[in-house]
Amino acid sequence: MTTNPDVPISVEEAILRVLMHSSALGCESLPLSPALLGRIAGEDVVAKENFPPFAASIMDGFAVVGPLQPGTYPIMESIHAGATPQLILAPESVSYITTGAALPPGASAVVKVEDTETMPGTKEVKIKVPVADGQHIRQIGSDVACGETVIRKGQVLGPYELGVLATTGFPVVKVFRKPIVGVMSTGNELVDSCATPTGSQVRDCNRLSLISSCHELGQEVIDLGIVSDSKEELHRRLLEAAKHCDIVVSSGGVSMGAADFVKPLLREIGTVHFAKLNMKPGKPTTFASFEHADGSARKKTLFFGLPGNPVSCLVTKSLFVDTAVKRLQGLDSEACLHPQLTVSLAGGSIKLDPERPEYHRAILVNSVDGSGRVLAYSTGNQRSSRILSMLSANALLFLPKGPGVIAEGTVVQALLIRPLTAALKAQSVHARAALLDFADEEEVQQRTTSTTNPSTTSSSALPLHGADYVSFPRKQDAPVAVVAAAATAITAAAASVLDTDAQGDQSDWRNIRVGLLTISDRAHKGVYDDASGPEMARLLKEMSAASDFSLNMLIRATAVVPDERGAIERVVSQWSDPSSSEAVDLILTSGGTGFGVRDLTPEAIKPLLHREAPGVAQALLNEGLKHTPLAVLSRPVVGTRFATFICTLPGSVKAVRENIVVLKTLLPRIMELIKEGECSGHPPPSTNPDPSSNPSSNHPVLK
């Protein structure tokens, strides 16, 4: 093991050093209260008494001397929970008893009230079933036995553990002291997150993110503010922070710049244990310790110098600072590390870094195909300054260094940094509850009926897939003949635009699988044929054939749904679910974006998006305003869900044609960013030869 802190070491070696130089803080005894939630037990807790301390009934019923045969028996007394029995129960007699009440002396069983019948006008009860000895009784110490260890040293105290301590009578609990974490940012360029930057200043996002992360994990934290790039000022602030904190975390100032003073100062103040890591992101992360006087005792403060790039800062905080916090508050080495899962890479391949292992931000979801697999989807461009790559991320994928790519479907290891994403609403074990805010009243009723009466289950009461989305009315609000005719026309129209090789060569990111969704009550009912869906398909095929367009647009799926939030949400969710066989790369919708009472497309789609693209939406509005001032009445929503780009267009054929002009310009850049995580750098072809005639031509529509 190398001891030179400037020699790059592996993440495993770095974590090992953090653990070796961190030790549990002292213990304190605190009153039992909700404030102990998340604290670590400082000693074994051994029960000093039995629980329950008396034999108790686990049913409302009658205490008897068992075994007992059916018959009519006199009632001696009534015993309620908390009351002390007054009589010794004689054979061939009973006492009424409630759940949790103490059995009277002599009793050895309980018959539940459902197996009895009261005798009006008498103090007798008829017992209708044989009663076995010991039936429905909770024996002394059956829950907790005296001398049993109920809490182990080092155990995290959650709601259930606190309940056990209350049950077993421990009003004071010995726990490890919580470490105090101080967080500062360094840099002359920084202003507070709520301030307005001037000149070359930028807002300080790292400190807010780090402090919020500490609060999310229940850590004690002190805001140490922003420190300028002054060696003297930084030296003073670090020493002052050490007096009050067990861990001091700084962001920025750890690279090789002339004003990067954190590393040299940590060498002056204490001992640097590592200063360079073989990882991406986070290479310059630095860890040091400093022993100093604390009154009459000695105190050890840990220092973490994290990189200034936001993603590097948060990733290294998760890997190293959180590990140290857990260690200081009493957890063992295994419990200090993140839970690890074996996952399958989905949504496309990932390019490997040839020099360093990568901790790749990803979203983990449970597969809906019944295989039990956990699927991992990259959050896109992994540049260390791009904090958007942390949005929705719940895992870090460990990717080894090397040439080439890791192909989709490859099994990799993932460190869980946040809870797994919930299953799609339609696949929830409580689907009706999950869909309550998204399904219309009739659908909820259909699901209720199919659940309570399996014989009535139909396709309309189940999650929909594939051709079910090529819609004809599930609501029988038109004559059967009209509905059937509409179904035939719509299905035929859909089939005419679908590409026979809709999958294409998925190793080539330029093959774009497309889903076209028309949202219209009247088209769905067959009042008129869908025009905008086929027009979108025609325009996309023309676009693919153009010599100045680099993408191959493959129509993968089509659908017509009513203006109902639940119907829209189901289709878009299914088509953008990477684990679905119907997943597409691009979803275009038409209709429902106006101000009508039934125009609900934005309300249905916006909550589904993981990232919005307001610049693209503005570009669509700008194009529409060239043709009519009424374009401002459209409410476009644009963004991504997983690796699917979703764009809402107005319902008229004319507006569809106008908006497609904008998309032709932007789609090659957008799809490359989403599917490849980087861009070739070539500007998109201009559809406006005179930039001065369009004030929005230089608008950054997609960042």
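## A walk through a predicted structure

Let's start with one residue: Ser 33 is partly exposed, with a relative accessible area of 26%. You'll find Ser 33 in the loop that runs between strand 1 (27–31) and strand 2 (45–46). Now look across to Pro 171: along the sequence, Ser 33 and Pro 171 are 138 residues apart, yet their C-alpha atoms are 8.5 Å apart in space. Keep in mind as you look around that this is a predicted model.

Let's zoom out for a moment. The protein has 703 residues, and 48% of them are buried. Its secondary structure comes to 16 helices and 33 strands. If you take the contacts in the protein with a separation of 6 or more, residues 24 or more positions apart account for 70% of them. On the outside, the protein exposes about 32,600 Å², and carbon and sulfur atoms supply 55% of that area.

Next, go to helix 1, which covers residues 11–20. This helix is mostly covered, with 7 of its 10 residues buried. Those buried residues are Val 11, Glu 13, Ala 14, Ile 15, Arg 17, Val 18 and Leu 19. So what covers them? The cover includes several strands, namely strand 18 (271–274), strand 19 (286–294), strand 20 (297–306) and strand 23 (358–366). It also includes helix 6 (310–328) and helix 7 (333–336).

Glu 77 is our next stop, and it sits in strand 5 (residues 71–79). Is Glu 77 buried or exposed? Its relative accessibility is 12%, so Glu 77 counts as buried, the cut-off being under 20%. Setting aside neighbours within four places in sequence, Glu 77 is in contact with Pro 85, Gln 86, Leu 87, Val 94, Ser 95, Tyr 96 and Pro 104. Take a good look at Leu 87 in that list: its backbone nitrogen lies 3.2 Å from a polar atom of the Glu 77 side chain. Turning to Ala 63, which is 14 residues from Glu 77 along the chain, the two C-alpha atoms are separated by 10.0 Å.

Here's another charged side chain to check out, Lys 178, in the loop between strand 12 (172–176) and strand 13 (180–186). Lys 178 is buried, with a relative accessible area of 18%. Which residues does Lys 178 touch? Not counting residues up to four places away in sequence, they are Leu 25, Arg 39, Gly 218, Glu 220 and Asp 246. With Gly 218, the side chain of Lys 178 reaches the backbone oxygen at 2.5 Å.

What about the cysteines? The count comes to 0 disulfides. Take Cys 205, which is in no disulfide: the nearest cysteine sulfur belongs to Cys 313 and is 7.9 Å away. A disulfide needs the two sulfur atoms within 2.5 Å, so this pair does not qualify. Cys 205 is partly exposed, with a relative accessible area of 30%, whereas Cys 336 is buried, at 1%.

Let's finish on the surface. A nonpolar patch of about 520 Å² is made there by Phe 595, Leu 625, Leu 630, Val 632 and Leu 633. One of these, Leu 625, is found in helix 15 (residues 614–625). Leu 625 is partly exposed, with a relative accessible area of 40%. Patch members must have over 30% relative accessible area, so Leu 625 meets that part of the rule.

Methods. Residues numbered from 1 in each chain as written. Predicted model: local features only at pLDDT ≥ 70, side-chain atom pairs only at ≥ 80, totals over all residues. Heavy atoms only, no water. Buried < 20%, exposed > 50% of the residue type's maximum accessible area, 1.4 Å probe, protein only. Patch = residues over 30% accessible without salt bridge, like charges linked within 9 Å, V, L, I, M, F, W, Y side chains within 5 Å. Areas by Shrake-Rupley, 256 points an atom, 1.4 Å probe, with all protein chains shown as cover. Salt bridge = Lys/Arg side-chain N within 4 Å of Asp/Glu carboxyl O. Helix = DSSP H or I, 4+ residues; strand = E, 2+ residues; numbered from the N terminus. Contact = heavy atoms within 4.5 Å. Polar contact = N/O pair within 3.5 Å; in protein donor to acceptor, adjacent residues only side chain to side chain.
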